Structures are given as C-alpha cells and as structure tokens.
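The following note concerns the packing of two helices and the surroundings of one loop residue. Please read the points alongside the model.

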Amino acid sequence: MVIAAAGRRGGKTRCAAAGAIHNLLLCPELDALVAPGERRYAVSIANNQAQARIFLDHAHALVKASPTLAGEIVSVTANQIEFRGGRVLAAFPCTARGARGWPISYLCLDEFGHFLDVEDGGPASRTGSMRR
C-alpha cells in the first residue's frame, strides 16, 4: 500500500498509472490470482469519470512511449485499455454500485480525501440514517 500526500500537480496520478502498468504488464505471476479465462484489472476510482480518465491518459501515454509495451495494447476506449492476456486498465467514478465484484490486482483511489458516492450522496446521506 502506498499513500501519497503531496502538493497539487506533483505527479501522483502519473506515478499511480506507472504502478498500474507495472502490475498488469510486468507481473504476470499475478494472473494466477484470477480464475482461468477471467480478466485481471488495474483500476482507478476518482470523484467522477472525467477525473478517472486522467489516470488512463497517463497510462496510455506511458505505454505508447515504450517500444516494448506498446505492442501489448489490444484496444483503447474512453474508460479502459485492454492489453493482451486479458489484462485491463479501467477507470470508474466513485460509486458503490459501479466497481463491485471485479478481479482487481491494482487499485488507485485518486483524490480519495474528496470521495462522495455520486449516486448515494456520499457520507452525508449516511449520517442522517445513523442518527435514528
């Protein structure tokens, strides 16, 4: 586990993207942790989908710049990069419903201190029910 507390524009998301690429493409032994035929995910969860995509953009740029890793890309969409071997880099917004049950070997909680569940209203909605 890594917790980074650094100033704005310090490269935290870019470093997290590099870590995700390392996890997916340079640690093939982790494939044994998922069921045969199942995809393995490295995921960024952020306050909203646009913020999560910044992680993907950094990862895509890093992989494209590497002559060795660029050939691992199978497809790129707005919300994920699929690599050979059933490995996927994905971006999710902060929601309790959106990222459950995925076989995730790497997780980045980008801007975690500002997380609110976009569907349930975040922590404030839970405090009201706890007062009853």
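1. Helices H1 and H2 pack at an angle of about 60 degrees, their axes lying 8 Å apart. H1 is therefore oblique to H2, a class that holds angles outside the ranges under 35, 65 to 115 and over 145 degrees. H1 passes H2 in a right-handed crossing. The model is predicted, with local features requiring pLDDT of at least 70 and side-chain atom pairs pLDDT 80 or more, while totals for chains, interfaces and linings use all residues. Residues are numbered from 1 along each chain, and side-chain values use heavy atoms, without hydrogens and water.

2. At the interface, residues of H1 including Ala17, Ile21 and Leu25 meet a set in H2 that includes Phe55, His58 and Leu62 (contact: heavy atoms within 4.5 Å).

3. H2 covers residues 49-64, and its end C-alpha atoms are 22 Å apart, in agreement with the 22 Å expected for 16 residues at 1.5 Å a residue (1.5 Å times one less than the number of residues). Among its buried residues are Ala52, Phe55, Ala59 and Val63 (buried: under 20% relative accessible area, 1.4 Å probe, protein chains only). The buried residues of H2 pack against H1 and strands E1, E2, E3, E4 and E5.

4. Arg84 lies in the loop between strands E3 (80-83) and E4 (87-93). Arg84 is partly exposed because its relative accessible area is 45%, between the limits of 20% and 50%. The side chains of Arg84 and Glu72 form a polar contact of 2.6 Å (N or O atoms within 3.5 Å, one able to donate a hydrogen and the other to accept it). The C-alpha atoms of Arg84 and Val74 are separated by 6.0 Å.

Technical notes: Helices (H or I, at least four residues) and strands (E, at least two) are DSSP runs, numbered from the N terminus. Axes are lines fitted to C-alpha atoms, for helices over the stretch in contact, and angles run from 0 to 180 degrees between N-to-C directions. A crossing is left-handed if the near helix is turned anticlockwise from the far one by less than a right angle, and right-handed if clockwise.
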